[in-house]
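Colleague: I would like to go through this model and hear the grounds for each label you put on it.

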Amino acid sequence: MGAFLCIASNDVPPAVSKRIILNVNFAPVVKVPNQLLGAPLGTDVQLECYVEAFPNTINYWVKNRGEMLLDGADSSGCVQCL
């Protein structure tokens with residue numbers, strides 16, 4: 001929570017900045033119904049998570065080695081987050 005300053009710049013001056021105040025009303029609640037899934041090689045698996053938060057969250061899945069899963073993801077990067 002608090003005040004943040006966002007600064008955007010590129011090769012075309014001038015840089016632009018905007019100060020915002022962020023208020024977090026409650027910590028996010030994340031529920032993953034199936035924490036262990038198995039499937040034969042080459043078949044599809046549907047990953048699900050349920051997130052409740054305000055302000056809204058940006059959700060994504062990450063593999064063990066830190067690789068982001070993007071196949072089938074929506075614009076937020078979430079494979080299947082409701």
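Modeller: The model is predicted. Its largest pocket has a volume of about 290 Å³.

Colleague: Which residues line the largest pocket?

Modeller: The lining consists of Val32, Asn34, Gln35, Leu37, Gly38, Ala39, Val45, Gln46, Leu47, Glu48 and Trp61.

Colleague: How do the residues of that lining divide into nonpolar, polar and charged?

Modeller: Six are nonpolar, four polar and one charged. Gly counts as polar and Glu as charged, so Gly38 is placed with the polar residues and Glu48 is the charged one.

Colleague: What makes Asn59 buried?

Modeller: The relative accessible area of Asn59 is 17%. Buried means under 20%, therefore Asn59 is called buried.

Colleague: Where is Asn59 placed, and what joins the side chains of Asn59 and Thr57?

Modeller: Asn59 sits in the loop between strand E4 (50–54) and strand E5 (61–62). A polar contact of 2.8 Å joins its side chain to that of Thr57. The cut-off for such a pair of N or O atoms is 3.5 Å, so a value of 2.8 Å falls within it.

Colleague: Why is Tyr50 called partly exposed?

Modeller: Tyr50, in strand E4, has a relative accessible area of 34%. Buried would need under 20% and exposed over 50%; 34% lies in between, so Tyr50 is partly exposed.

Colleague: And why is Val30 called exposed?

Modeller: Val30 belongs to strand E3 (residues 26–31). Its relative accessible area is 54%, and exposed means over 50%, so the label follows.

Colleague: What does Val30 touch, leaving aside residues up to four places away in sequence?

Modeller: Val30 touches Tyr50 and Val51. Contact means heavy atoms within 4.5 Å, whereas the 5.7 Å between Val30 and Tyr50 is a C-alpha to C-alpha value. Those two residues are 20 apart in sequence. For Tyr50 and Pro33, 17 residues apart along the chain, the C-alpha separation is 8.3 Å.

Colleague: Which peptide bond is cis, and how do you know?

Modeller: The bond joining Pro13 and Pro14 is cis, with omega at about 0°. Pro14 is in the loop between strand E1 (2–8) and strand E2 (16–22).

Colleague: What is the secondary structure of the chain as a whole?

Modeller: There are zero helices and six strands, and the pattern along the sequence reads β-β-β-β-β-β.

Colleague: How many of the 82 residues are buried, as a percentage, and how much area does the chain expose?

Modeller: Buried residues make up 10% of the chain. The exposed area is about 7200 Å², with carbon and sulfur atoms supplying 55% of it.

Colleague: What share of the contacts between residues at least 6 apart in sequence joins residues at least 24 apart?

Modeller: That share is 23%.

Notes
Residues numbered from 1 in each chain as written. Predicted model: local features only at pLDDT ≥ 70, side-chain atom pairs only at ≥ 80, totals over all residues. Heavy atoms only, no water. 1 Å grid on protein atoms, 1.4 Å probe; cavity = no way out; pocket = protein on both sides within 12 Å on 5 of 7 lines; lining within 4 Å. Points joined across faces, edges and corners; volume = space filled by probe spheres on them. Helix = DSSP H or I, 4+ residues; strand = E, 2+ residues; numbered from the N terminus. Buried < 20%, exposed > 50% of the residue type's maximum accessible area, 1.4 Å probe, protein only. Polar contact = N/O pair within 3.5 Å; in protein donor to acceptor, adjacent residues only side chain to side chain. Areas by Shrake-Rupley, 256 points an atom, 1.4 Å probe, with all protein chains shown as cover.
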